[in-house]
Number of protein chains: 2
Amino acid sequence: MSGRREEILDAAVAIADEHGVDAVSMRALADRVGVTPMALYRHVKDKAALLDGMVGRLLTALLPTDPAEERTWDERLRALAHAARRVTQRHPWAAHLLFSRPAVTPDGLRAVDIIYTALIEAGVPEPQVPRLERLISTFVIGFAASEASGRFAPGAGDPRGRRGHLDDGELPGHEALGPWLGLPLDLTTEFEADLADITRLVEAVARREG
Amino acid sequence: MSGRREEILDAAVAIADEHGVDAVSMRALADRVGVTPMALYRHVKDKAALLDGMVGRLLTALLPTDPAEERTWDERLRALAHAARRVTQRHPWAAHLLFSRPAVTPDGLRAVDIIYTALIEAGVPEPQVPRLERLISTFVIGFAASEASGRFAPGAGDPRGRRGHLDDGELPGHEALGPWLGLPLDLTTEFEADLADITRLVEAVARREG
DNA sequence: CGTATACGTCTACACTGTAGACCCATGAGT
DNA sequence: ACTCATGGGTCTACAGTGTAGACGTATACG
């Protein structure tokens with residue numbers, strides 16, 4: 001009940017934001033809270049549980065603050081997706097933790113539920129809804145994690161420099177796309193385009209047997 | 001040049017497979033190789049570089065062994081996706097490392113190239129190809145990582161038991177889907193269905209302006 | 001012969017998570 | 001008024017981590 005646990009989790013999040021998640025050690029966290037390392041174990045079972053708790057705190061921030069019921073299903077979906085991306089931009093370390101820990105926290109379930117209701121409203125046949133929820137959340141979290149950890153970083157996709165010792169004939173695709181690779185990429189508009197495509201995917205599934 | 005490095009990386013992979021990736025310590029690895037911990041640093045810059053090298057080894061296994069040129073673009077895509085999933089099933093620890101390290105290794109580029117050529121063959125307008133490649137690889141790796149780390153695990157999606165202290169009214173989506181949640185899920189056929197949907201997505205993009 | 005080069009060893013340091021025993025304030029019950 | 005449980009905090013100690021730095025040695029090549 002005591003807000004002490006939340007205090008601790010927030011301190012841990014702050015450390016991770018400032019110095020990276022690796023800087024979150026029990027000792028450093030204890031220092032920050034003004035307490036002995038072992039005292040933390042009264043509020044947190046484990047270091048693993050600590051990390052779980054940290055993402056839990058962020059999940060809360062992900063949910064729409066105002067019910068905002070007015071909008072259409074695809075706008076609600078997009079809003080949630082953008083919120084998720086915003087969180088992982090502010091807290092890059094959190095991105096790949098979202099994969100490890102199933103979203104069984106209340107807030108996690110609430111997020112899943114938003115997707116469920118959106119898909120139902122879109123006319124997706126009910127048996128397909130859970131699958132599409134997983135497809136969407138997987139992509140969104142995956143995109144966020146990729147962005148946060150540099151998988152999309154400049155120099156990853158193409159750069160002529162990178163593919164040093166491969167015969168050009170070995171990478172026909174890269175060769176064909178020469179002009180388009182290496183452009184600076186705007187991940188925000190790319191994310192938008194991806195979401196639009198996925199929205200169309202949902203509509204297609206709904207049409208197939210709605 | 002020396003195959004020593006590969007020997008070491010393979011030993012590390014073996015340890016990770018047997019006892020989890022956390023069991024891959026420089027000391028444990030050194031023991032396994034029959035050498036002193038510090039000797040490893042002649043072949044590997046860092047622990048981080050060690051992990052990179054490990055996923056590099058797996059990437060090699062991902063690529064199609066025989067050129068297998070006969071097939072259509074979507075079959076080649078599906079084959080690659082399944083190969084990726086197979087790898088992360090055999091080596092669950094590797095899944096989320098794939099997100100951290102950009103695929104700049106030669107084998108990584110080769111995999112990207114397979115997707116590029118498939119998309120071009122599908123008729124996707126060239127400027128859109130890199131984006132769709134990222135969309136697809138993000139989803140595939142995301143699916144693999146989710147599966148490997150239990151995000152899809154039974155008990156994650158619904159279970160009545162889990163959503164203990166939430167008013168049922170708070171999760172209308174879950175309530176509406178009651179019957180369909182909690183079914184045992186067959187991730188292989190789900191993955192197939194997802195890939196089919198994504199194939200259709202690609203076709204739609206190709207149609208839009210092909 | 002001499003000298004690189006590749007490979008390996010030993011020692012040492014700062015740091016990690018956490019088990020176990022102990023302490024102290026508060027408040028409830030009898 | 002006395003006991004007792006409970007929640008929070010402290011100290012010590014241990015086994016394990018990655019890795020910097022100095023030192024050794026055996027093979028291959030000029």
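**Figure 1. Contacts across the sequence of chain A.** In this predicted model, take the contacts of chain A between residues at least 6 apart in sequence: 65% of them join residues at least 24 apart. Chain A has 9 helices and 0 strands, and reading along the sequence gives the pattern α-α-α-α-α-α-α-α-α. Of the 210 residues in chain A, 39% are buried.

**Figure 2. How confident the predictor is about chain A.** The average pLDDT of chain A is 90, and 89% of the residues score at least 70. Where in chain A is confidence lowest, and where is it highest? Helix α5 (residues 97-100) of chain A sits at the bottom with a mean of 87, while α2(A) comes out on top at 98.

**Figure 3. A look at L98(A) in helix α5.** Here we zoom in on L98(A), which belongs to helix α5 of chain A. Is L98(A) buried or exposed? L98(A) is buried, because 26 other C-beta atoms lie within 10 Å and 20 or more is enough to count. Leaving out residues up to four places away in sequence, L98(A) touches V55(A) and I141(A). Also worth finding in this view is A144(A): L98(A) and A144(A) are 46 residues apart in sequence, yet their C-alpha atoms are 9.9 Å apart in space.

**Figure 4. Chain A and chain B as a symmetric pair.** To lay chain B over chain A, rotate by 180° with 0.0 Å of shift along the axis; the RMSD is 0.0 Å. That is how a two-fold axis relates two copies.

**Figure 5. The side of chain B that touches chain A.** How many residues of chain B are in contact with chain A? There are 52 of them, in contact with 52 residues of chain A. On the chain B side, α5 (97-100), α6 (106-122), α7 (129-148), α8 (172-176) and α9 (187-208) each put in at least two residues. The largest share comes from α7(B), with 12 residues. Sorted by class, this side of chain B has 30 nonpolar, 11 polar and 11 charged residues. As for the match between the two sides, 100% of the interface residues of chain B are also interface residues in chain A, so the copies meet through the same surface.

**Figure 6. Protein residues around DNA strand C.** Which residues come closest to DNA strand C? Of the 15 residues that surround DNA strand C, the closest are S25(A), M26(A) and K47(A) from chain A, plus T36(B) and M38(B) from chain B. Helix α2 (residues 26-33) of chain A gives the most to this surface, with 3 residues. The surface near DNA strand C breaks down by class into 7 nonpolar, 3 polar and 5 charged residues.

**Figure 7. Protein residues around DNA strand D.** Around DNA strand D there are 15 residues, and the closest are T36(A), M38(A), S25(B), M26(B) and K47(B). Which helix gives the most to the surface near DNA strand D? Helix α2 (residues 26-33) of chain B does, with 3 residues. By class, the residues near DNA strand D are 7 nonpolar, 3 polar and 5 charged.

**Figure 8. The annotated DNA-binding region of chain A.** An unreviewed UniProt entry lists residues 25-44 of chain A as "DNA-binding region". The C-alpha atoms at the two ends of residues 25-44 of chain A are 13 Å apart. This span is 40% helix and 0% strand.

**Figure 9. A11(B) in helix α1.** A11(B) is part of helix α1 (residues 4-19) of chain B. With 21 other C-beta atoms within 10 Å, A11(B) is buried. What does A11(B) touch, setting aside residues up to four places away in sequence? The partners are L29(B), R32(B) and V33(B). For a sense of scale, A11(B) and A84(B) are 73 residues apart in sequence and 21 Å apart in space, C-alpha to C-alpha.

**Figure 10. L195(B) in helix α9.** L195(B) has its place in helix α9 of chain B. L195(B) has 20 C-beta neighbours inside 10 Å and so counts as buried, since the cut-off is 20 or more. Not counting residues up to four places away in sequence, L195(B) touches R78(B) and A81(B). L77(B) is another residue to look for: L195(B) and L77(B) are 118 residues apart in sequence, but 8.8 Å apart in space, C-alpha to C-alpha.

Technical notes. Residues are numbered from 1 along each chain as its sequence is written. Chains are lettered from A and ligands numbered from 1 in the order in which they are written. This is a predicted model: local features need pLDDT of at least 70, side-chain atom pairs count only at pLDDT 80 or more; totals for chains, interfaces and linings use all residues. A residue is near a molecule or strand if its C-beta atom, placed from the backbone, lies within 6 Å of it. Helices (H or I, at least four residues) and strands (E, at least two) are DSSP runs, numbered from the N terminus. Ala, Val, Leu, Ile, Met, Phe, Trp, Tyr, Cys and Pro count as nonpolar, Asp, Glu, Lys and Arg as charged, and the others, Gly among them, as polar. Copies are superposed by least squares on the C-alpha atoms of residues with pLDDT of at least 70 in both. Two residues are in contact if their C-beta atoms, placed from the backbone, lie within 7 Å. UniProt positions are given in the numbering used here, feature names are shortened, and annotations may be inferred rather than shown by experiment. A residue is buried if 20 or more other C-beta atoms lie within 10 Å of its own, exposed if 12 or fewer, and partly exposed in between; C-beta atoms are placed from the backbone. pLDDT is the predictor's confidence in each residue, from 0 to 100.
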